[in-house]
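This report describes the arrangement of sheets, helices and buried residues in one protein structure. The sequence and the structure are shown first, and the description follows.

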Amino acid sequence: MANYYQPEIETASVEEIKALQSEKLVKQVKRVYENVKYYRDLMDEKGVTPDDIKGIEDLHKLPFLTKADLRNAYPYGLLGADLKDCVRIHSTSGTTGKRVIAFYTQKDIDLWDDCCARAIVAAGGTNEDICQIAYGYGLFTGGLGLHGGAHKVGCLTLPMSSGNTERQIEFMQDLNSTIICCTPSYAAYIGETLKEMGLSPDDINLKAGIFGAEPWTEEMRRDIEKSLGIKAYDIYGLTESTGPGVAFECEEQTGMHINEDHFLAEIIDPETGEVLPEGSKGELVFTNLDKEGFPLLRYRTRDICVLSRKPCSCGRTFIKMAKPMGRSDDMLIIRGVNVFPSQIETVLIKEGYSPNYLIEVDRVKNNDTLDVYVELSPEQFSDTVKDLHANEKSLADAMIQMLGIKPKVHLVAPKTIKRSEGKAVRVIDKRKLHD
Ligand code: ADP
Ligand code: ZN
């Protein structure tokens, strides 16, 4: 039987949800128009007034906001409330370019914590659980976001932050942690460390993990589930919209339910900005319906995915987003072919390799080059040099099938690729250095 943190809204009818969104949108647009000069100017420029927005059907009339706007308006230009009513800031991890910061009022924090609590309950969490938070604490939203959610659920919360992996495992054993929250790349690292410590999933008490903040593949999910003996749930969010908990996975594990009472989602064509019908692949855009401190309307996330309203066996009615493949700006264009790092990860794990890899792109004499460094396990490393070459070739062949272009594969010694305690850096694009 599925459990919900806020059953009324999580299982409301689609009509109820849409009516609530319309009501909130009208109010939010008025509030933003009055309080945020930067956005008022954009609306004026487009010739839209708050009176033109009568419900969600009018959403498309509003101007978009992009990361460039956030940088232009840095630090206070998009602030939606009096600074004296704000109680916290967070900042993006700066994976791509300069950081942006977001402001939170107490109400914003409260609603955010609710969103994370919904995710924890969807992963089977209750007040009997011991929840180990191994996301980074600080400006990054991961740690404090899940922390707030775990408190709301009433879990015994272990605010570990990321890093010190052996200590994470010791605490896990001493306190019998049942739920772990961290990035998927860090979860993989914890699984690897567990094994190195001579332990198995039977030596720990974890039952579930809530992993997000970076793209990860289904293959990686299965790997983590095996290495930690858990069910692994995806969670999505971005600092600009609040942090983790914008969307969360239920036991069906077929996409993440968007917390639609707070976040109104659209999919647009990233080239033309045109709104696409449900089921189309495109760029995800969020309108924050409740946020006071940093109330972004029609924010373009650059995350590429698909939305679906297909009924879910968990009974939740919130629309679901598919796992984003990575951001449009994570997509590499190599010799004219679009390549996502996640496609490379899929091939690697399918072929029996570890998710420890690094992609290097360069341009030599006007030709793009793609090198993939893949770490071997100690058992794989004992093969002869001849075997290694044969394996490099067969892995490169498997990648051509997936990518449509041929990479140069380098199988490297165990422990030579740096592990990640937060968001993994998978790509080095040296072409940018030449531009
Ligand atoms: P930064 O933009 O510096 O990485 P954030 O920490 O706010 O800052 O990251 C938000 C981004 O992380 C999202 O826009 C998305 O690209 C990625 N992300 C977050 N959760 C997931 C997830 N579950 N799956 C894939 N990507 C995710
Ligand atoms: Zn569901």
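Glu 360 is placed opposite Ile 428 of strand 19. The two strands concerned, strand 16 (residues 357-364) and strand 19, pair in the parallel sense over three bridges; pairing requires that DSSP finds at least two bridges between two strands. Helices (H or I, at least four residues) and strands (E, at least two) are DSSP runs, numbered from the N terminus.

The model is predicted: local features need pLDDT of at least 70 and side-chain atom pairs count only at pLDDT 80 or more, while totals for chains, interfaces and linings use all residues. Residues are numbered from 1 along each chain as its sequence is written, chains are lettered from A and ligands numbered from 1 in the order in which they are written, and side-chain values use heavy atoms, with hydrogens and water left out.

**The four-stranded sheet**

Strand 16 and strand 19 belong to an open sheet of four strands, ordered 18-17-16-19, with mixed pairing. Its edge strands, strand 18 (408-412) and strand 19 (427-429), each pair on one side only. On average, neighbouring strands of this sheet are turned by 20 degrees against each other, direction ignored. Helix 10 packs on the sheet and touches strand 16, strand 17 (367-375) and strand 19. Helix 12 (residues 385-403) lies across strand 17 and strand 18.

Val 372 is found in strand 17. With a relative accessibility of 0%, Val 372 counts as buried; buried means under 20% relative accessible area, exposed over 50% and partly exposed in between (1.4 Å probe, protein chains only). Leaving out residues up to four places away in sequence, Val 372 touches Ile 344, Leu 358, Met 399, Pro 407, Lys 408, Val 409 and His 410, where contact means heavy atoms within 4.5 Å. Val 372 and Lys 408 are 36 residues apart along the chain, and their C-alpha atoms are separated by 6.1 Å.

**Helix 10 and its surroundings**

Helix 10 is mostly covered, as nine of its 10 residues are buried. These buried residues pack against helix 9, strand 15 (337-339), strand 16, strand 17, helix 12 and strand 19. Just after helix 10, Gly 352 takes a positive phi of about 90 degrees.

The axes of helix 9 (residues 218-228) and helix 10 (residues 341-350) come within 8 Å and cross at roughly 45 degrees. Helix 9 and helix 10 are therefore oblique to each other; angles under 35 degrees count as roughly parallel, over 145 as roughly antiparallel, 65 to 115 as roughly perpendicular and the rest as oblique. Glu 219, Met 220 and Asp 223 of helix 9 meet Glu 345, Thr 346, Ile 349 and Lys 350 of helix 10 in this contact.

**The 11-stranded sheet**

An open sheet of 11 strands follows the order 4-3-5-6-7-8-9-13-12-11-10, with mixed pairing. Strand 4 (156-159) and strand 10 (263-268) stand at its edges with a single partner strand each, so one side of each is left without a neighbour in the sheet. Strand 12 (residues 299-308) and strand 13 (residues 320-321) pair in the antiparallel sense over two bridges, and Ser 308 stands opposite Lys 320 in strand 13. Helix 5 (residues 106-122) packs on this sheet, and strand 5 (179-182) and strand 10 are among the strands it touches. Helix 8 (residues 184-196) also packs on the sheet, touching strand 5 and strand 6.

The table gives the directions of helices relative to strands in the two sheets; axes are lines fitted to C-alpha atoms, for helices over the stretch in contact, and angles run from 0 to 180 degrees between N-to-C directions.

| Helix | Strand | Angle |
|---|---|---|
| Helix 5 | Strand 8 | about 35 degrees |
| Helix 8 | Strand 5 | about 125 degrees |
| Helix 10 | Strand 16 | about 130 degrees |
| Helix 12 | Strand 18 | about 135 degrees |

Gln 132 lies in strand 3 (residues 130-133) and is buried, with a relative accessible area of 0%. Its contacts beyond four places in sequence include Leu 158, Phe 171 and Ile 180.

**Nonpolar cores**

A nonpolar core is a set of buried Ala, Val, Leu, Ile, Met, Phe, Trp, Tyr and Cys residues joined through side-chain atoms within 4.5 Å. The largest has 69 residues, of which Tyr 39, Tyr 236 and Met 321 touch the most other members. Helix 5 gives the most to this core, with nine residues. Apart from this core lies another, of 23 residues, among them Ile 359, Met 399, Leu 403 and Leu 411.
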